[in-house]
Amino acid sequence: MKEITHWIDGAPVAGTGRTGEIFNPATGRVGGHVRMATAAEVDGAVAAAEAAYPAWRDTSLVKRAQVLFRFRDLLDRHRDELAGLISAEHGKVHSDALGEVARGLEVVEFACGIPQLLKGGFSENVSTRVDSYSIRQPLGVVAGITPFNFPAMVPMWMFPVAIACGNTFILKPSEKDPSASLLMASLWQRAGLPDGVFNVVQGDREAVDALLAHPSVRAVSFVGSTPIARYVYETGTRHGKRVQALGGAKNHMLVLPDADLDLVADAAVSAGFGSAGERCMAISVVLAVEPIGDELVDRIVSRVAALTVGPGDDPASEMGPLVTREHRDKVASYLDLGAAEGAKIVVDGRRTTVGGDGFWLGPSVLDHVPPGSRVHREEIFGPVLSVLRVASYEEGLSVINTGEYGNGTAIFTNDGGAARRFQNEVEVGMIGINVPIPVPMAFYSFGGWKSSLFGDTHVHGTEGVHFYTRGKVVTSRWLDPSHGGVNLGFPTNL
Ligand code: NAD
């Protein structure tokens, strides 16, 4: 049985708090235990991060970038190991786990450019012999609280940028799949990051509350479900912190009648069932603009029938189990709810049998889901794809825009004018045009609208750099002897 520790000041710390079980979702068996940090252990991590901050802040941009380049190289060489840890605790198939490592690595690569990213502006002679320039400085100790569904990628949306900007970082990963955090911590150390700059506290609400209330934690990045995102945002800001809290999602794919239905069906199946639908950018609802509904559902169903469900470490598997038994049962309950609300179950994933006690639920499709029903409105976060029939583009747009969430969405069409109209009119943060999962690249910023984001700053990209730094503007005047001044080189009063 593995025992998952904290990582504080460059070393594993066993911890004294409660323990939680870590399951292998493919077998249903407990594979290890994780310590839940107490408030005192969070204090210890913050103290280590505070002590490391002055020297790290003063480390030159070039040296910080060199550490990031080495971390990037180590991460690249440990892709497979990291993906294996993810697969064993989350359940996703190995290729999916490798995909999340690759996307996280891209943020590290983005952060390697920190000397360029932190360049300020300079205006000469804003007044006679007066110059003005801007600089950005780190905040201090910052924290990241992350969800189970991307145990490597989501933390890497945060810490490469925060650390590159000169902050020190405390990660509170999900207690469901905590092992990836420790491998990443040891890679940082091997890359030459000074002890205390990157710390990990394992745990649950107790650890989160301690971070949110700690006066030395200057900023909190959160990714998780909407109720907790709202709680973290409200509590963190009440304690005077800068907070960005990304919440849940319910992503729609609007399919216009002129779309290529084979392309749409492929996209709906990969975006609906990849990672067993446990992605915040997963497509959860297909809005079929009639008359294409029947034909599209047929094509989706024939593809779903060909999907192979199995353990994440079996190369033949295309979809793994769900993360916990409770979550599997909750997701499965939406099938009966959907039927009770008037939808038709066209593929029932409860019939999929893999064997063993894993947390299995096969891909499921609900057709004729009534707009506004619970199955349509609520985040299911599992392999249940709903199809809604709408009469027009306008009706589809209104279904999306009246929803609670605004994380991602996609339109499938061959009409450029319709696509352009959609990108302008839809109230969602990330939009795909014939792309089902439009996750922005590391050099753009990731984030939704409405109940998918509390705060106003998206993660990574230039917004990430902005979030982890504070701006200063300097106005300076230096006397020039040729203009009658004296003591060249000394500032005078403005
Ligand atoms: P979650 O909200 O249950 O947990 C997220 C984090 O909050 C974890 O670290 C957890 O330990 C902590 N936490 C849980 N309950 C808490 C409480 N009562 N008080 C304080 N902290 C608490 O989310 P999850 O189930 O791990 O992840 C799935 C959710 O994350 C989905 O809703 C999904 O849409 C969302 N998500 C969103 C994005 C995005 O970019 N918007 C990305 C990934 C996942």
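These are my notebook entries on a predicted model, covering its ligand shell, its aromatic pairs and a handful of single residues.

**Ground rules**

I number residues from 1 along each chain as its sequence is written, and I use heavy atoms for side-chain values, with hydrogens and water left out. Since the model is predicted, I ask for pLDDT of at least 70 for local features and count side-chain atom pairs only at pLDDT 80 or more, while totals for chains, interfaces and linings use all residues.

**Entry 1: the ligand**

I began with the residues near the ligand, where near means that a heavy atom of the residue lies within 4 Å of the molecule. There are 27 residues around the ligand, and those that come nearest are K172, E175, S225, G247 and E379.

I then looked at polar contacts, that is, pairs of N or O atoms within 3.5 Å; within protein, one atom must be able to donate a hydrogen and the other to accept it, and residues adjacent in sequence count only if both atoms are side-chain atoms. For K172, I noted a polar side-chain atom 2.7 Å from an oxygen atom of the ligand. E379 likewise places a polar side-chain atom by a ligand oxygen atom, at 2.5 Å. At G247 the partner is a polar backbone atom, which lies 2.7 Å from a nitrogen atom of the ligand.

On its own the ligand has 850 Å² of accessible area, of which the protein covers 88%; accessible areas come from the Shrake-Rupley method with a 1.4 Å probe, and for residues only the protein chains shown count as cover. Helix 8 (205-213) and strand 11 (217-223) are the elements that give two or more residues to the shell; helices (H or I, at least four residues) and strands (E, at least two) are DSSP runs numbered from the N terminus.

I sorted the shell by residue class and found 14 nonpolar, nine polar and four charged residues. Here Ala, Val, Leu, Ile, Met, Phe, Trp, Tyr, Cys and Pro count as nonpolar, Asp, Glu, Lys and Arg as charged, and the others, Gly among them, as polar. Both domain 1 (2-247 + 452-473) and domain 2 (251-433) supply at least three residues to this shell, with the bounds coming from an automatic or database domain assignment.

**Entry 2: aromatic pairs**

I paired rings of Phe, Tyr and Trp (its six-membered ring) if their centres lie within 6.5 Å, calling planes under 30 degrees apart stacked, over 60 edge-to-face and the rest tilted. By this rule I count 13 aromatic pairs. One of them joins F71 and F159, edge-to-face, at 6.2 Å centre to centre and with 65 degrees between the planes. Because F71 lies in helix 2 (residues 61-77) and F159 in helix 6 (residues 153-164), this pair ties together parts that are 88 residues apart in sequence. F71 and F159 are both buried (buried means under 20% relative accessible area, exposed over 50%, partly exposed in between, with a 1.4 Å probe and protein chains only). Together with F169, W188 and F198, these two residues form one aromatic cluster.

Helix 6 also holds M158, which is buried with a relative accessible area of 0%. I checked the C-alpha atoms of M158 and V459, which are 301 residues apart along the chain and separated by 6.9 Å.

**Entry 3: backbone geometry**

I looked up the peptide bond from E290 to P291 and found it cis, with omega near 25 degrees; P291 is in the loop between strand 14 (283-289) and helix 11 (293-305).

S275 is not a glycine, although its phi is positive at about 55 degrees. S275 belongs to the loop between helix 10 (261-273) and strand 14, and counts as buried at 5% relative accessibility. F381 also has a positive phi, near 60 degrees, and sits in the loop between helix 13 (374-377) and strand 17 (384-390). With a relative accessible area of 16%, F381 is buried.

**Entry 4: two strand residues**

V286, in strand 14, is buried at 0% relative accessibility, and its C-alpha atom is separated by 5.7 Å from that of H252, 34 residues away along the chain. I135, in strand 7 (residues 130-138), counts as partly exposed at 32% relative accessibility.
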